[in-house]
Amino acid sequence: MTAPLATVLFVCVHNAGRSQMAAGFLRHLAGDRIEVRSAGSLPGDRINPAAVAAMAEVGIDISGRRPEVLTPEAARTSDYVVTMGCGDACPYFPGTTYLDWVLDDPAGRGVEAVRPIRDGIRTLVEGLIREIDSP
């Protein structure tokens, strides 16, 4: 097995919606070429059911995932840290590429409202894959 091209950490506050959808897309689209992590500055107790449903509509199952707490170690050992509204809670380490994706929070919304967020995340993840794949 070859080493992954990069390690990507997706971070949002509760690690229950945006970061989980992004991680699901990256796992689905890149396979094991990219190591995928996700975490939250104040993790929730479960994944947002509307996010699970929206991802299932596009054939990606994130129902077995659980919110994880953001640790400095996870950020330090990632090549990319993609933040989605976690603010100042995200640790900064030199040598890591930081991206901030401005996305609506799907918390408390139905699947109809989550679909456009999901689709925006997919577009951003596809661009991230292109960036990682480029020499």
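The following dialogue goes through some salt bridges and residue labels in a predicted model.

Student: Why is the pair of arginine 18 and aspartate 105 called a salt bridge?

Tutor: The side chains of arginine 18 and aspartate 105 come to 3.8 Å, N to O. The cut-off is within 4 Å for a side-chain nitrogen of Lys or Arg and a carboxyl oxygen of Asp or Glu, so the pair qualifies. Arginine 18 is in helix 1, while aspartate 105 is in the loop between strand 4 and helix 4, 87 residues apart.

Student: Is arginine 18 buried or exposed, and how do you know?

Tutor: Arginine 18 has 7% relative accessibility. Buried means under 20%, so arginine 18 counts as buried.

Student: What makes aspartate 105 partly exposed?

Tutor: The relative accessible area of aspartate 105 is 36%. That value falls between the limits of 20% and 50%, so aspartate 105 is called partly exposed.

Student: Why do arginine 37 and glutamate 35 count as a salt bridge?

Tutor: Their closest N and O atoms are 3.2 Å apart. This is within 4 Å, so the rule is met. Arginine 37, at 22% relative accessibility, is partly exposed because buried requires a value under 20%. Glutamate 35, at 32%, is partly exposed by the rule for values between 20% and 50%.

Student: How do you know that arginine 115 and glutamate 57 form a salt bridge?

Tutor: The N to O distance between these side chains is 2.7 Å. The limit is 4 Å, so the pair is a salt bridge. Arginine 115 lies in helix 4 and glutamate 57 in helix 2, so the bridge ties together parts 58 residues apart in sequence.

Student: Which residues are joined into one network by salt bridges that share partners?

Tutor: The network consists of Glu57, Arg115, Arg118 and Asp119.

Student: What makes arginine 115 and glutamate 57 partly exposed?

Tutor: Arginine 115 has a relative accessible area of 29%, and glutamate 57 has 42% relative accessibility. Exposed would need over 50% and buried under 20%, so arginine 115 is partly exposed, and glutamate 57 is partly exposed as well.

Student: How many salt bridges are there by this rule?

Tutor: The count is nine.

Student: Why is alanine 54 called buried?

Tutor: Alanine 54, in helix 2, has a relative accessible area of 0%. The limit for buried is under 20%, so the label applies to alanine 54.

Student: Which residues does alanine 54 touch, leaving out residues up to four places away in sequence?

Tutor: Alanine 54 touches Val111, Val114 and Arg118.

Note on methods:
Residues numbered from 1 in each chain as written. Predicted model: local features only at pLDDT ≥ 70, side-chain atom pairs only at ≥ 80, totals over all residues. Heavy atoms only, no water. Helix = DSSP H or I, 4+ residues; strand = E, 2+ residues; numbered from the N terminus. Buried < 20%, exposed > 50% of the residue type's maximum accessible area, 1.4 Å probe, protein only. Contact = heavy atoms within 4.5 Å.
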